[in-house]
Amino acid sequence: MATFSKATFNAAKYASCRPTYPRQLFDFIFQFHRSAKGARWDTAVDLGCGTGQATVELTPFQRIIGADPSARMVEQARESVKTRLAGMDLSSRIEFVQSFAEDLSCLKDGSVDLLIAAQACHWFKWDKFWPEAARVLRKDGTFAAWCHSEFRLSRFPSATPIISDYAQGSDPANSLGAYWERPGRTILDEHLVAVPDPREVLPDKFSEFERVFFTGSHYPDLPNPRPVILRKRMSWEDLLGYFRTWSPLYTFHEKHPEDLKREDGDIAVRFLRKLKEEVARVEGKEVPKDEDPIDIEWPLALILARRA
């Protein structure tokens, strides 16, 4: 998470290359919220809002707030919401504040109907967050958080070991595995199963808690996996842009600046080349060009909690 606060971090580039969350995900969350008899639609808050990608989807609520601990992200979010949703300027409907999820002193007790956290909750300190969530949520309010794990090439499962070797390998010179910030990345990779049930932490504060896994066949050991819903078709060139948003790549290049000078490309370029070669092998065709399309998908875990 510290990467996002560094002066070298490019928030605009980060926003342009990340996957976008599908409408189906928000409909699922809104349906959970709607199922409570006392559900209200006044105030929604996006925690760890980043560049505001998920924040702009909270338009069923009258007041929308995005909160992020990074001033750089908040600045970019304020700019991006001007054109984020179908070209509409939502800046008058959304306010952004710099705040950690564990300290929401900017919010009054019982003032929030929906709290969300998109690709952020793996950094939360849950012993502090659950009491704070209980404080700001009103009765029948909802907390929804989700994270996606490593991407997959939708039509090429044989590429998965290559992806895992790059992202989680133990060789610090040829893999990013040693450069993730822990334990956050581990919690994410394990699909949030380490997140404690709030009913066990605060038995009188939360009435419901669910874990939902949109992971398809990628992780068969997870309970009741649903089909993958987070997908994107992009060019190979855009896929490389996505690789360059990974926080451990920044750290890797700080440790190995010489990697950027290699004639055969840096570690991200070499990884992309391996994936292209695997696709070519499976298809029995030439190596794809940078502008050719490739279908990507991300297994996603969602947790839902309801305030008692």
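How many bridges pair β8 with strand β9, and in which sense do they run? The answer comes in point 6, once the rest of the fold has been introduced.

1. **The model as a whole.** Please keep in mind that this is a predicted model. The protein has 10 helices and 10 strands. Along the principal axes, its C-alpha atoms fill a box of roughly 60 × 40 × 35 Å. For 308 residues, a compact globule would have a radius of gyration near 19 Å, and the 20 Å of this protein agrees with that. Of the 308 residues, 55% count as buried. The protein exposes about 14100 Å², and carbon and sulfur atoms supply 50% of that area. Among contacts with a separation of 6 or more, 74% come from residues 24 or more positions apart.

2. **The sheet of 7 strands.** A good place to start looking is the open sheet of 7 strands, which has the order β3-β2-β1-β4-β5-β10-β7 and mixed pairing. Its edge strands are β3 (94–98) and β7 (206–214), each of which pairs on one side only. On average, and with direction ignored, neighbouring strands of this sheet are turned by 15 degrees against each other. Two helices that pack on this sheet are worth finding. Helix α3 (residues 71–80) touches β2 (63–68) and β3, and its direction makes about 170 degrees with that of β3. Helix α4 (residues 126–136) touches β1, β4, β5 (137–148), β7 and β10 (300–307), and its direction makes about 140 degrees with that of β5.

3. **From β3 to β4 within that sheet.** Here you can follow the pairing strand by strand. β2 and β3 pair in the parallel sense over 5 bridges, with Ile-65 opposite Glu-95 in β3. The strands β1 and β2 also run parallel, joined by 5 bridges. Strand β1 (residues 43–47) and strand β4 (residues 112–118) pair in the parallel sense over 4 bridges. Ala-44 is a handy marker: its bridge partner in β2 is Ile-64, while in β4 it stands opposite Leu-114. As for cover, 5 of the 6 residues of β2 are buried.

4. **A loop residue with cover.** Leu-107 lies in the loop between β3 and β4. Is Leu-107 buried or exposed? Its relative accessible area is 5%, so Leu-107 counts as buried, the cut-off being under 20%. Leaving aside residues up to four places away in sequence, Leu-107 touches Val-45, Ile-65, Val-112, Arg-135 and Val-136. One of these, Arg-135, is 28 residues from Leu-107 in sequence, and their C-alpha atoms are 9.2 Å apart in space.

5. **Helices α5, α9 and α10.** Two packed helices are described by the angle between their axes and the distance between the axes. How do α5 and α10 cross, and within what distance do their axes come? Their axes come within 10 Å and cross at roughly 170 degrees. Angles over 145 degrees count as roughly antiparallel, so α5 is roughly antiparallel to α10. On the α5 side, the residues in contact are Ile-162, Ile-163 and Tyr-166; they meet Ile-267, Ala-268, Phe-271, Lys-274, Leu-275 and Glu-278 in α10. Both helices also help to cover α9: what covers its buried residues includes α5 (160–168), α8 (236–243) and α10 (267–283). The buried residues in α9 (residues 247–255) are Ser-247, Pro-248, Leu-249, Thr-251, Phe-252 and His-253.

6. **The sheet of 3 strands.** Now back to the opening question. β8 and strand β9 (residues 293–298) pair in the antiparallel sense over 6 bridges. They belong to an open sheet of 3 strands with the order β6-β9-β8 and antiparallel pairing. Here β6 (152–153) and β8 (230–235) stand at the edges; each has a single partner strand, so one side of each is left without a neighbour in the sheet. To find the pairing of β8 with β9 on screen, look for Leu-230, which stands opposite Trp-298 in β9. Helix α8 packs on this sheet, touching β6, β8 and β9, and its direction makes about 120 degrees with that of β8.

Conventions:
Residues numbered from 1 in each chain as written. Predicted model: local features only at pLDDT ≥ 70, side-chain atom pairs only at ≥ 80, totals over all residues. Heavy atoms only, no water. Pairing = 2+ DSSP bridges. Axes fitted to C-alpha atoms, helices over the stretch in contact; angles between N-to-C directions. Contact = heavy atoms within 4.5 Å. Buried < 20%, exposed > 50% of the residue type's maximum accessible area, 1.4 Å probe, protein only. Rg over C-alpha atoms; globule rule 2.2 N^0.38 Å. Areas by Shrake-Rupley, 256 points an atom, 1.4 Å probe, with all protein chains shown as cover. Parallel < 35°, antiparallel > 145°, perpendicular 65-115°, else oblique.
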